[in-house]
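Visitor: Hello! I am new to this structure and would like a close look at one part of it. Could you show it to me first?

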Amino acid sequence: MTTSTANAPAKNAFWAGFRDGIPFILVVIPFSTLFGVVATDAGLTLAQAMGFTVLVIAGAAQFAALQMMVENAALPLVLLAALAVNLRMAMYSASLAPYLGAAPLWQRALVAYLNFDQTYLTSIARYEARPEMSVRDRVVYFLGVATPITPFWYVMTVVGIYAGAIIPDAWALDFILPIAFLAMVAPMLKSIAHVAAAAVSIIVALLLIGLPSGTGLLIAALAAMVTGAAVETWMERRQ
């Protein structure tokens, strides 16, 4: 077997992933642009905003942390808020381990960096539908999905940063950040447990609005996670 023939399945897997990732560009463009705008409005420099988006590359966590920063929350609280929002990534990683655990360390590290909602959901659906895929093809497919998405996330953040710099202060864009975060989170409410967790977080956050900046939100997030886990356990027992 020639080298080109041996590499054909991997090439096919990459381009299949690339094609499956293209539709997500329509989602990435507005949210990455908006992040650049609100990051500028919050006072972040170009380097700070781009460092944020390149290192974190997770929309919901970025918006959550930025909201805390706008409210002048302490740095540990900002980090805890971003961690709480991104805890689902740990579940994503655990779900991917049976499929990608045998891959070389550098490949798993790259997948970990590019492991966000779109790449995970698309890839795990492919792996479950095609269990015959090799570990190499699974990794290549995952990277294929990420390839059209990631550059747009970077580039459109830059566009948003420059756009935000020329938007007059009189436009008062403060309201955009919570609305954008809601727009990202709302589609994730797909079960009774999710809705219950969201409802509890809203109630607790409103009740604790008088606490120091960011503290009430973190307590609300913890209450939401406990509620979601409890409702999920209750539903499983009923079934």
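Visitor: How many helices and how many strands does the secondary structure of the protein chain come to? Once that is clear, please take me to the largest nonpolar core: which residues there touch the most other members?

Guide: Welcome! Please keep in mind that this is a predicted model. The secondary structure of the protein chain comes to 12 helices and zero strands. Read from the N terminus, the order of elements is α-α-α-α-α-α-α-α-α-α-α-α. The chain has 239 residues, and 40% of them count as buried. Its exposed surface is about 13100 Å², with carbon and sulfur atoms supplying 72% of that area. Among contacts in the chain with a separation of 6 or more, 77% are between residues 24 or more positions apart.

Now to the part you asked about. The largest nonpolar core has 48 residues, and L96, L114, Y127 and Y141 are the ones that touch the most other members. Two or more residues of this core come from each of α1 (3–21), α2 (25–41), α3, α4, α5, α6, α8 (117–129) and α9 (135–166). The biggest giver is α9, with 10 residues. As background, nonpolar side chains tend to be buried together in soluble globular proteins.

Let us pause at Y141, one of the residues with the most core partners. Setting aside residues up to four places away in sequence, Y141 touches A13, A16, G17, D20, T122, S123, R126, Y127 and M133. Y127 therefore appears twice in our tour: it is a contact of Y141, and it is also among the core residues that touch the most other members.

A good next stop is A146, which lies in helix α9. Is A146 buried or exposed? Its relative accessibility is 1%, so A146 counts as buried, the cut-off being under 20%. Leaving aside neighbours within four places in sequence, A146 is in contact with L114, T119 and P151. L114 is another residue that we met among those touching the most other core members. Along the chain, A146 and G21 are 125 residues apart, yet their C-alpha atoms are 6.5 Å apart in space.

For a contrast within helix α9, look at R136, which is also found there. R136 has a relative accessible area of 45%, so it is partly exposed. The C-alpha atoms of R136 and Q107 are separated by 9.4 Å, with their positions 29 residues apart along the chain.

From helix α2 we can pick T33. At 18% relative accessibility, T33 counts as buried because the value is under 20%. T33 touches V28, M156 and G160, again not counting residues up to four places away in sequence.

Next comes a space between helices. Rolling a probe the size of a water molecule over the atoms shows where empty space is left. The second largest pocket holds about 260 Å³ of space. It is lined by 15 residues, and those closest to its centre are F52, V56, L79, A82 and L83. The elements giving two or more residues to this lining are α3 (46–56), α4 (59–70), α5 (75–85) and α6 (88–100). Of the elements, α5 gives the most, with five residues. By type, the lining has 13 nonpolar residues, two polar and no charged. Helices α3, α4, α5 and α6 also belong to the elements that give two or more residues to the core.

Finally, let us visit helix α12 (residues 215–238), where A230 is placed. A230 has 45% relative accessibility, so it counts as partly exposed. Its C-alpha atom is 8.1 Å from that of A193, and the two residues are 37 residues apart along the chain. V226 is in helix α12 as well. With a relative accessible area of 51%, V226 is exposed, because that value is over 50%. V226 and A197 are 29 residues apart in sequence, and the distance from C-alpha to C-alpha is 7.9 Å.

To return to your request: L96, L114, Y127 and Y141 are the core residues that touch the most other members, and α9 is the helix that gives the most residues to this core.

How values were computed:
Residues are numbered from 1 along each chain as its sequence is written. This is a predicted model: local features need pLDDT of at least 70, side-chain atom pairs count only at pLDDT 80 or more; totals for chains, interfaces and linings use all residues. Side-chain values use heavy atoms; hydrogens and water are left out. On a 1 Å grid over the protein atoms alone, a cavity is a set of points where a 1.4 Å probe fits but cannot get out, and a pocket is an open set with protein on both sides within 12 Å along at least five of seven lines; lining residues have an atom within 4 Å of a point. Grid points are joined across faces, edges and corners, and a volume is the space filled by probe spheres set on the points. Helices (H or I, at least four residues) and strands (E, at least two) are DSSP runs, numbered from the N terminus. Ala, Val, Leu, Ile, Met, Phe, Trp, Tyr, Cys and Pro count as nonpolar, Asp, Glu, Lys and Arg as charged, and the others, Gly among them, as polar. A nonpolar core is a set of buried Ala, Val, Leu, Ile, Met, Phe, Trp, Tyr and Cys residues joined through side-chain atoms within 4.5 Å. Buried means under 20% relative accessible area, exposed over 50%, partly exposed in between (1.4 Å probe, protein chains only). Contact means heavy atoms within 4.5 Å. Accessible areas come from the Shrake-Rupley method with a 1.4 Å probe; for residues, only the protein chains shown count as cover.
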